[in-house]
Amino acid sequence: MTPRKVVVLDYGSGNVHSAVKALERVGAEVELTADRRAVAEADGLLVPGVGAFDAVMRALESVRGGELIDKRLAGGRPVLGICVGMQVLFSRGVERGVDTEGLGEWPGTVDELKADVLPHMGWNTVIAPEESRLFAGIAEERFYFVHSNAAQTWELDVQPPLPAASVTWAEHGGRFIAAVENGPLSATQFHPEKSGEAGMQLLSNWLLTL
């Protein structure tokens, strides 16, 4: 099988190199860039993200990241967001009193988890639906989270015949969204590249969808 070409969007996020290495480990041909043509032509686009929601949005705007993501999705081209790279896909984020507009690919607000201990840092299980492709063979595994905020409700109302999104949940103080698979757009709140063999399998599963 020809290696899948994946662009990791280069906009200044701190965890890009570990994501690049993880994708290479599972057999992808990886380029770290914000070049418009490379982003458009790649088989898959990975959008990493660490830090504050508003800082990630500003950095994405500096490379017109929202436009790049929009254009790929309009053509049915796969995109995977990770951690804050998932959070910014929602309509807005509220973090330490700062209310920031997100990319709006999905309705909903990302805000602080209702937990006694924050951040939510370490390994946790997830509750994945049976039809999930990302979690095929790894639904019972544990994944590595580092975050204080998350989307805690799923608000996208899809009308038939369009398929409903596949939403995976986790718990820390309350229920929050751990992953979403919605047509060409997928995302995980946890870090697959820091989640050992289970994370590698998830990235491999994603490559199989490209």
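This passage describes the sheet, the helices, the core and selected residues of a predicted model.

An open sheet of 7 strands runs in the order β2-β1-β3-β4-β13-β12-β11, and its pairing is mixed. The edge positions belong to β2 (29–33) and β11 (166–171). Each of these has a single partner strand, so one side of each lacks a neighbour in the sheet. From one strand to the next, the twist averages 25°. At one edge, β11 pairs with strand β12 (residues 175–182) in the antiparallel sense, over 6 bridges. Within this pair, valine 167 has valine 180 of β12 as its bridge partner. Helix α4 (residues 65–74) packs on the sheet. Its contacts are with β1 (5–9), β3 (44–47), β4 (79–82) and β13 (185–188). The direction of α4 makes about 145° with that of β3.

Two further helices meet each other. The axes of helix α1 (residues 16–25) and α6 come within 9 Å and cross at roughly 70°. Helix α1 is therefore roughly perpendicular to α6. On the α1 side, the contact is made by Ala22, Leu23 and Arg25. On the α6 side, Glu197, Met200, Leu203, Trp206 and Leu207 take part.

Nonpolar side chains tend to be buried together in soluble globular proteins. In this model, the largest nonpolar core has 64 residues. Leu23 and Phe135 have the most contacts inside it. Helix α6 (residues 196–208) gives the largest share of this core, 6 residues. Beyond residues up to four places away in sequence, leucine 23 touches Val6, Val8, Ala28, Val30 and Leu46. It also touches Leu203, Trp206 and Leu207.

A second pairing involves β8 and β9, which run antiparallel over 6 bridges. Threonine 125 has arginine 142, in β9, as its bridge partner. Side chains alternate along β9. Phe143, Phe145 and His147 point to one face and are buried. Arg142, Tyr144 and Val146 point to the other face and are not buried.

The loop between β8 (120–125) and β9 (142–147) holds serine 132. Serine 132 has 7% relative accessibility and therefore counts as buried. Its side chain makes a polar contact of 2.7 Å with the side chain of glutamate 181. A polar atom of the serine 132 side chain also lies 3.1 Å from the backbone nitrogen of phenylalanine 135. With neighbours within four places in sequence set aside, serine 132 is in contact with Ser166 and Glu181.

Glutamine 87 lies in helix α5 (residues 84–87). This residue counts as buried, because its relative accessibility is 5%, under the 20% cut-off. The glutamine 87 side chain reaches the backbone oxygen of asparagine 149 at 2.9 Å. Apart from neighbours within four places in sequence, the contacts of glutamine 87 are Phe53, Val110, His147, Asn149, Ala150 and Gln189. One of these, His147, is among the buried residues of β9.

Glycine 97 sits in the loop between β5 (90–95) and β6 (98–101). With a relative accessible area of 73%, glycine 97 is exposed. Aspartate 111 is 14 residues from glycine 97 along the chain, and their C-alpha atoms are separated by 9.8 Å.

Terms used
Residues are numbered from 1 along each chain as its sequence is written. This is a predicted model: local features need pLDDT of at least 70, side-chain atom pairs count only at pLDDT 80 or more; totals for chains, interfaces and linings use all residues. Side-chain values use heavy atoms; hydrogens and water are left out. A nonpolar core is a set of buried Ala, Val, Leu, Ile, Met, Phe, Trp, Tyr and Cys residues joined through side-chain atoms within 4.5 Å. Buried means under 20% relative accessible area, exposed over 50%, partly exposed in between (1.4 Å probe, protein chains only). Helices (H or I, at least four residues) and strands (E, at least two) are DSSP runs, numbered from the N terminus. Contact means heavy atoms within 4.5 Å. A polar contact is a pair of N or O atoms within 3.5 Å; within protein, one must be able to donate a hydrogen and the other to accept it, and residues adjacent in sequence count only if both atoms are side-chain atoms. Two strands pair if DSSP finds at least two bridges between them. Axes are lines fitted to C-alpha atoms, for helices over the stretch in contact, and angles run from 0 to 180 degrees between N-to-C directions. Angles under 35 degrees count as roughly parallel, over 145 as roughly antiparallel, 65 to 115 as roughly perpendicular and the rest as oblique.
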